Amino acid sequence: MSQGTLKIEEEKNFTIVSFFDTVMLDETNITTFAEELVSVIKSRQKINLVIDFANIEFLSSAVLGKLVKIRKIVKKQGGKLKLCGLRTNLMQIFKVTKLHKVFDIVADRKAATKSSGFGLFG
């Protein structure tokens, strides 16, 4: 399934979201991404959400703010959130902002869907 800027896949008990664009710098794209993702989250209860950044080369700090809000929504609904596929330059942004301590970040989709902390596997 696809929505605007997102590709949404269901795998086992996970909802995996990836991006069509490689750059998340434009305010319109960021707002659209956040709205689409919130819609996906609210359409499911206790979502096990994996956001895959493998296609993303660059992102703005505004994306980080949206991710923090998304994390709160997922947590409020009793769900879990993992981020994966972060390139070295993106991981540096998370480290500099200390957000690597806030988010559960794993290497790739396989690690995200196999690691503890999610539904049947946690």
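**Salt bridges and ring pairs in a predicted model**

User: Which residue forms a salt bridge with E9, and how far apart are the closest N and O atoms?

Analyst: In this predicted model, the partner of E9 is R109, and the closest N and O atoms of the two are 2.8 Å apart. The pair links distant parts of the chain, since R109 sits in helix α4 (residues 109-114) and E9 in strand β2 (residues 6-11), 100 residues apart.

User: Are those two buried or partly exposed?

Analyst: R109 is partly exposed, with a relative accessible area of 23%, and E9 is also partly exposed, with a value of 25%.

User: What about E10, which residue does its side chain meet?

Analyst: The side chain of E10 meets that of R44 in a salt bridge, with 2.7 Å from N to O. E10 lies in strand β2 and R44 in the loop between α1 (27-42) and β5 (48-52), so this salt bridge ties together parts that are 34 residues apart in sequence.

User: And what does K82 pair with?

Analyst: K82 forms a salt bridge with D104, at 2.6 Å from N to O. Because K82 lies in strand β7 (residues 80-84) and D104 in strand β8 (residues 104-106), the pair ties together parts that are 22 residues apart in sequence.

User: Why does K82 count as buried, and is D104 buried or partly exposed?

Analyst: K82 has a relative accessible area of 2%, so it counts as buried, the cut-off being under 20%, whereas D104 is partly exposed at 35%. As for shared partners, salt bridges join E9, D52 and R109 into one network.

User: How many salt bridges are there?

Analyst: The count comes to four salt bridges.

User: Switching topic, how many aromatic pairs are there?

Analyst: There are three aromatic pairs. One of them is formed by F19 and F33, which are tilted, with 5.4 Å centre to centre and 50 degrees between the planes. F19 is in strand β3 (residues 14-19) and F33 in helix α1, 14 residues apart, so the pair links distant parts of the chain.

User: Are F19 and F33 buried or exposed?

Analyst: F19 counts as buried at 2% relative accessibility, and F33 is buried with a relative accessible area of 0%.

User: What is the geometry of the pair F19 and F53?

Analyst: F19 and F53 are tilted as well, with 5.2 Å centre to centre and 40 degrees between the planes. F53 is in the loop between β5 and β6 (58-59), 34 residues apart from F19, and F53 counts as buried at 1% relative accessibility.

User: Which residues do the ring pairs link into a cluster?

Analyst: Ring pairs link F19, F33 and F53 into a cluster.

Methods: Residues numbered from 1 in each chain as written. Predicted model: local features only at pLDDT ≥ 70, side-chain atom pairs only at ≥ 80, totals over all residues. Heavy atoms only, no water. Helix = DSSP H or I, 4+ residues; strand = E, 2+ residues; numbered from the N terminus. Buried < 20%, exposed > 50% of the residue type's maximum accessible area, 1.4 Å probe, protein only. Phe/Tyr/Trp six-rings, centres within 6.5 Å; stacked < 30°, edge-to-face > 60°.
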